[in-house]
Each structure stands twice: as C-alpha cells, then as structure tokens.
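Trainee: Please take one part of this chain and go through it closely. I would like to know how it is placed, what surrounds it, and how the neighbouring parts fit in.

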Amino acid sequence: MTSSAGPSASGNNWTGMLSMAKDTPSRHTGTCELCGKDTDHITKHHLYPRSATRRAFFTPEQKDSLAAMCWPCHCIIHQLILADVLARDFHSIELLNTHSRIQAWLQWAESWTMEHLHSLMVPPRLRQPQNQSPIQNALDAIWVRNENTFPRLEGKGKRTRALAIRGQIRQFPGLAHAAKPDIEAAMRANPEYREWQQWVFGGEG
Ligand SMILES: [Zn+2]
C-alpha cells in the first residue's frame, strides 16, 4: 500500500496540524477508538467520509459506518489522509492503525493529556493575544464575531464580510474615529488585514 498523505505530508508538525481544526467539538463524553483516550468532546468519524460517498456508489451500511473519535484524532486523520483514500483504503480502525503516520501521531499523542491536545486546537485568531496592541485585539475580536457568530455571513464573499465588519468597527466600543490610523497600521502589518483594508475603510459606497 502506498503512503496516502494529504496536503500536510511533509514532516510531523502535529501542533500545526491541530491548529487547523475547522469544526467544533461535541459536548458528549466517550472513549476514542483510535487513541483510546477518554474525552468530554467525542466526535463521530464517518469511516467512509461523506465527501467521498457523495461522489461514488457506497452501500447504506458503508455510509452509516461510524467510529467514535476524539477531536484531535479526528482532525489529524482528515489532514493526513484524503477523504477518497480514507473510504478506499482506511475505512476501519484496524486499517487506520496500519498507516505509518497515524502510528506516529498516536505515539506522539500518547504522551499528552486530552486537555493539552485541545489547547493546541484553538485557532490562532482565538488564542490569548500576546504582545498585541489594543487596536489589533479589537480587530481580532471583530473578526471573530463576524466569522464565527454571524451565520448569515457564512459562505458570503470576503467583500460582504468586510462591509459587515466596517459596520461593526463603527459601533465597536473604544474604536472611535480617532483610532482609524492605528487600525490601518495594524492592517498594513498583517497581510490578511491589508487585503480587507480597502473594503473596510474604502469609500462610503
Ligand atoms: Zn483519539
């Protein structure tokens, strides 16, 4: 069997991969079938991932085939192995255990508590800000509010979200008009912010 690695194939940057977690953990307790750790945030892993079963024929039994998995393991396997390859070659806990990089992950994860693993999964923009200006913290807060708690904005274009953020900036406590130059400087310092600068501070149209 050939090695079937996903986009993060180079090196074992487990902490970097954990920080890429996209979904939100559940609130249910359980034991991970892959690493064996107990967790308060057990997730259900589709052994035949839905994105794969949507595109090809799979039996109802395969589509409903689930494994209980902790959030870190779930995040890692989806980064290591593409969905189509999971469905084809790694559709059981036994098969996953034969994957050399899964083995390396399990060996690494064994030495850490679930609490520590979870602490590595907080997206960078939600981590406790360090050495950041109050303006940048405020910008981050605006970003988080718009990206995570405004469902109506999900799936909308960047410009739509930026214009929504412009509305937020005008109301955000402590961000008076006088702070605009500082906000612009923070945007210039961060490439991601710079791309939004024109939309957020551009013309009133
Ligand atoms: Zn696990």
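**A buried helix and its surroundings**

Mentor: In β4, K44 has A68 as its bridge partner. The model is a predicted one, and that residue pair is a convenient way into the part I would look at, helix α4. The pair belongs to a connection of 4 bridges between β3 (residues 43-46) and β4 (residues 66-69), and the two strands run antiparallel. In a regular strand, side chains alternate between the two faces of the sheet. The split in β3 can be set beside that: T43 and H45 form the covered face, while K44 and H46 lie on the uncovered one. K44, the residue bridged to A68, is therefore on the uncovered face of β3.

Now to the helix itself. Helix α4 covers residues 71-80, and 10 of its 10 residues are buried, so the rest of the structure largely encloses it. The buried set runs through W71, P72, C73, H74, C75, I76, I77, H78, Q79 and L80. Against them pack both strands just described, β3 and β4, together with the helices α1 (14-18), α6 (93-96), α7 and α8 (114-119). For the protein as a whole, buried residues make up 23% of 205.

W71 lies in α4, and it counts as buried because 23 C-beta neighbours fall inside 10 Å, where the cut-off is 20 or more. Its C-alpha atom is 9.3 Å from that of M114, although 43 residues separate the two in sequence.

Among the packing partners of α4, helix α7 (residues 100-109) can be described in detail. The axes of α4 and α7 are 11 Å apart and meet at an angle of about 150°. That makes the two helices roughly antiparallel, because angles over 145 degrees are put in that class. The crossing of α4 past α7 is right-handed. On the α4 side, the contact is made by P72, I76, I77 and L80; on the α7 side, by R101, I102, W105 and A109. Of these residues, 7 are nonpolar, none is polar and 1 is charged. An α-helix has 3.6 residues a turn, so residues three or four places apart point the same way. That spacing can be compared with P72, I76 and L80 in the contact list.

W108 also sits in α7. W108 is partly exposed, since 14 other C-beta atoms lie within 10 Å. From C-alpha to C-alpha, W108 and N12 are 9.6 Å apart, with their positions 96 residues apart in sequence.

One loop residue ties several of these parts together. L34 is located between β1 (30-31) and β2 (38-39), and is buried because 22 other C-beta atoms lie within 10 Å. Leaving out residues up to four places away in sequence, L34 touches M69, C73, I93, L96 and L106. C73 is one of the buried residues of α4. The C-alpha atoms of L34 and E94 are 8.9 Å apart, at a separation of 60 residues along the chain.

As for the wider setting, the protein has 12 helices and 4 strands. Of its contacts with a separation of 6 or more, 64% are between residues 24 or more positions apart.

Definitions and conventions. Residues are numbered from 1 along each chain as its sequence is written. This is a predicted model: local features need pLDDT of at least 70, side-chain atom pairs count only at pLDDT 80 or more; totals for chains, interfaces and linings use all residues. Axes are lines fitted to C-alpha atoms, for helices over the stretch in contact, and angles run from 0 to 180 degrees between N-to-C directions. Angles under 35 degrees count as roughly parallel, over 145 as roughly antiparallel, 65 to 115 as roughly perpendicular and the rest as oblique. A crossing is left-handed if the near helix is turned anticlockwise from the far one by less than a right angle, and right-handed if clockwise. Two residues are in contact if their C-beta atoms, placed from the backbone, lie within 7 Å. Ala, Val, Leu, Ile, Met, Phe, Trp, Tyr, Cys and Pro count as nonpolar, Asp, Glu, Lys and Arg as charged, and the others, Gly among them, as polar. A residue is buried if 20 or more other C-beta atoms lie within 10 Å of its own, exposed if 12 or fewer, and partly exposed in between; C-beta atoms are placed from the backbone. Two strands pair if DSSP finds at least two bridges between them.
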